[in-house]
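Student: Let's go through some labels and ask what earns each one.
Tutor: Fine. Bring up the model.

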Amino acid sequence: MDIVRAKELLSALADGIDPFTGELLPQNHVCNQPEMIRAFHEVLNAVPSISKKKSLPRNAGKPWTDIEEEKLLDELAQVLGLAKPPRAIESYDISNWGDGTSVCGMVTFKDGKPYKAGYRKFKMKTVLGTDDYASLAETVSRRAAEYEKYAALAKAGEPSNNYFGQKPDLLLMDGGRGQVSAAKAALAGTALADVPLYGMVKDDHHRTRAIVDSEGREIAINMNRGTFTFVTAIQDETHRFANAYRKQQMKQKSYSSTLTEVPGVGPKTAKALMAQFKSVGAVKEATPDQLENTPGVGRQMAQTIYEYFHPQG
């Protein structure tokens with residue numbers, strides 16, 4: 001097992017999640033005990049950052065420079081047969097969990113570096129159950145619609161600084177022919193239909209193996225060290241970002257279900273409380289006056305919530 005996969009497993013356990021099923025671990029599970037959670041975090045903090053080591057290839061003892069980045073993008077363009085170096089790259093990964101809910105993480109690289117201002121999270125609106133192809137199709141369709149909206153505003157003399165108003169030079173999907181085919185079909189007829197589209201294929205050990213073009217043909221990249229390392233870094237970062245969003249959603253869902261145990265508190269009110277206080281612990285510590293400041297929570301409901309978490313006697 002490589003160190004990246006080991007960190008993924010430990011990170012999931014530290015968050016109280018079964019890394020193999022994606023389900024939340026029972027509260028009484030041994031991995032949910034405070035001593036174990038502290039141990040997981042200590043180990044994770046002790047391991048050198050993988051993202052820093054793998055984010056971009058470097059020559060031994062030589063700092064990464066703009067010239068080297070330029071060479072890297074030139075090499076990637078040559079390997080993929082692009083007309084120009086892809087200065088704006090977007091990468092997408094679907095992440096699912098046990099109840100059939102899916103999310104998508106979008107990671108952006110500009111001039112060869114992660115561009116956090118361009119990262120986006122998508123929660124599926126039209127897909128029921130676990131369907132990676134449909135989820136990816138919905139995501140890129142929404143991305144194209146956002147670009148078209150901001151492009152129209154710019155044409156009307158109302159330009160925006162929103163990242164969605166920028167057109168990417170390259171689109172990468174985490175997956176193979178199926179994912180690429182789904183994304184290509186979804187983008188047909190949109191303003192992003194002409195953007196080069198590829199898939200990033202992993203082997204049985206979850207390591208980047210090749211790239212698939214929009215026609216389903218595989219392109220070997222392991223002979224091009226710079227391209228291989230760069231694409232691997234993009235795929236790893238996208239996977240990390242999508243998984244982190246999935247875990248966040250799972251926690252919020254779990255916490256909200258705890259609040260719905262309070263008499264009279266439904267999913268909508270529980271969501272509003274989580275948005276207001278950020279954690280169930282903060283809700284428990286809040287005064288009736290503080291609870292009442294939550295949208296949709298009146299004086300009587302605030303008192304009910306307070307008394308539920310502060311029983312008399």
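**Rings and a buried threonine**

Tutor: In this predicted model, Phe 122 is buried, at 4% relative accessibility.

Student: Why is Phe 164 called buried?
Tutor: Its relative accessibility is 7%. Buried means under 20%, so Phe 164 qualifies.

Student: What makes Phe 122 and Phe 164 an aromatic pair, and of which kind?
Tutor: Their centres lie 6.3 Å apart, and the limit is 6.5 Å. The planes meet at 40°. Stacked needs under 30 degrees and edge-to-face over 60, so this pair is tilted.

Student: Why does the pair tie together separate parts of the sequence?
Tutor: Phe 122 is in strand β4 and Phe 164 in the loop between α5 and β5, so the linked parts are 42 residues apart in sequence.

Student: How do you know that a charge sits over the ring of Phe 164?
Tutor: The charged end of Arg 120 is 4.9 Å from the ring centre. The distance cut-off is 6 Å. Arg 120 is listed as sitting over the ring.

Student: Why is Tyr 115 called partly exposed?
Tutor: Its value is 29%. Partly exposed runs between 20% and 50%, so the label fits Tyr 115. The charged end of Lys 110 sits over its ring, 4.7 Å from the centre.

Student: What makes Thr 238 buried?
Tutor: Its relative accessibility is 0%, and the cut-off is under 20%. Thr 238 lies in helix α7.

Student: Which backbone oxygen is 2.7 Å from a polar side-chain atom of Thr 238?
Tutor: That of Ile 234. A polar contact allows up to 3.5 Å, so 2.7 Å is within the limit.

Note on methods. Residues numbered from 1 in each chain as written. Predicted model: local features only at pLDDT ≥ 70, side-chain atom pairs only at ≥ 80, totals over all residues. Heavy atoms only, no water. Helix = DSSP H or I, 4+ residues; strand = E, 2+ residues; numbered from the N terminus. Buried < 20%, exposed > 50% of the residue type's maximum accessible area, 1.4 Å probe, protein only. Polar contact = N/O pair within 3.5 Å; in protein donor to acceptor, adjacent residues only side chain to side chain. Phe/Tyr/Trp six-rings, centres within 6.5 Å; stacked < 30°, edge-to-face > 60°. Lys NZ or Arg CZ within 6 Å of the ring centre and 35° of its normal.
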